[in-house]
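This briefing introduces a protein chain to a reader who is new to structural description. Please look over the sequence and the structure before reading the points that follow.

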Amino acid sequence: MKKILFPTDFSKVANNAFVHALELAKIVKGELILLHTFELPIVDNQFFPENYQTLFDTLELSKFEKFKDELPALRAIAEERNLGHIKLSHRLMDGSLIYNIKECIKLDKIDFVVMGTSGATGWKEMFLGTNTGEVITSIGVPVLSVPLEAKFTKIETIGFTTRFREKDREALKQVIAIAKKTNAKVKCLYVNTKESDNTEATFDNWKDHFKNEPVNFFILPSDEVKETILEFITSQEIDILAMLTYKRSFFESLFSSSFTEKISYISDIPILALHE
């Protein structure tokens, strides 16, 4: 079974992302591992020589009780969506979120991470160093980032941006494999700028290679790469956008407020970040 790590702080944003995590588990026949992290305060034990351990035992217990109290709500969400059969396991870990995610990926052999973020503003913050952004750029497994506004609907169209490199070909194969499990189409976009060095022969080679797969190629001439991608998402009714995380600065500018304000639909779209 595929293993999906779902870090949660039990917020509204996280609970919305949990629905997407459940549905992804259904698609890939996977199981969910819920991760809740907390950081104990730094205390100089020379001032608390007698009750130092008691203090930390009490703090850890309170975190465990909160974690235990929140789990029934998540199980109820699964039952409401007829996904109560999805296997759920749990990890409560002390320490930084990023470190613990990396540890879980190693220990549990994680295939996907699903995390929530908050809308257009959240996208900008996400790629400027927040927890989700750090996860996307610092781990080696695909990360599905889900904005609060993204309510789960049947996945019919997956968008994928490419530069027609060999590493893009492998990433596209991953996207097609997911699409096939939900009978979705893949729409593959290449923005052909004046500086582009790809040729018609390259385009034809890719089209021929994937001719028996549920993928259509869109080669759009434009020097406005970011605007073209965002317009593509809207015009082609993309449900999930898959992208390689090869250039963090590009992500930052793509989801800056000036662009997302022009095309608000971007704030409703989960992004599947794939790694090179």
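A residue is called buried when its relative accessible area is under 20%, and exposed when that area is over 50%. The model described here is predicted. In its protein chain, buried residues account for 49% of the 276 residues.

**The chain as a whole**
- The protein chain contains 10 helices and 10 strands.
- About 13800 Å² of the protein chain is exposed, and carbon and sulfur atoms supply 49% of this area.
- If one takes the contacts between residues at least 6 apart in sequence, 80% of them join residues at least 24 apart.

**Helix 8**
- Helix 8 spans residues 225-235.
- The buried residues in helix 8 are Glu227, Thr228, Ile229, Leu230, Phe232 and Ile233.
- Glutamate 237 follows helix 8 and has a positive phi, near 55 degrees.

**Asparagine 16**
- Asparagine 16 is part of helix 1, which covers residues 12-28.
- Asparagine 16 counts as buried because its relative accessibility is 10%, and the cut-off for buried is under 20%.
- When neighbours within four places in sequence are left aside, asparagine 16 is in contact with Val146, Pro147, Leu148, Ala150 and Lys151.
- With one of these residues, alanine 150, there is a short distance to report: a polar atom of the asparagine 16 side chain lies 3.1 Å from the backbone oxygen of alanine 150.

Conventions: Residues numbered from 1 in each chain as written. Predicted model: local features only at pLDDT ≥ 70, side-chain atom pairs only at ≥ 80, totals over all residues. Heavy atoms only, no water. Helix = DSSP H or I, 4+ residues; strand = E, 2+ residues; numbered from the N terminus. Buried < 20%, exposed > 50% of the residue type's maximum accessible area, 1.4 Å probe, protein only. Polar contact = N/O pair within 3.5 Å; in protein donor to acceptor, adjacent residues only side chain to side chain. Contact = heavy atoms within 4.5 Å. Areas by Shrake-Rupley, 256 points an atom, 1.4 Å probe, with all protein chains shown as cover.
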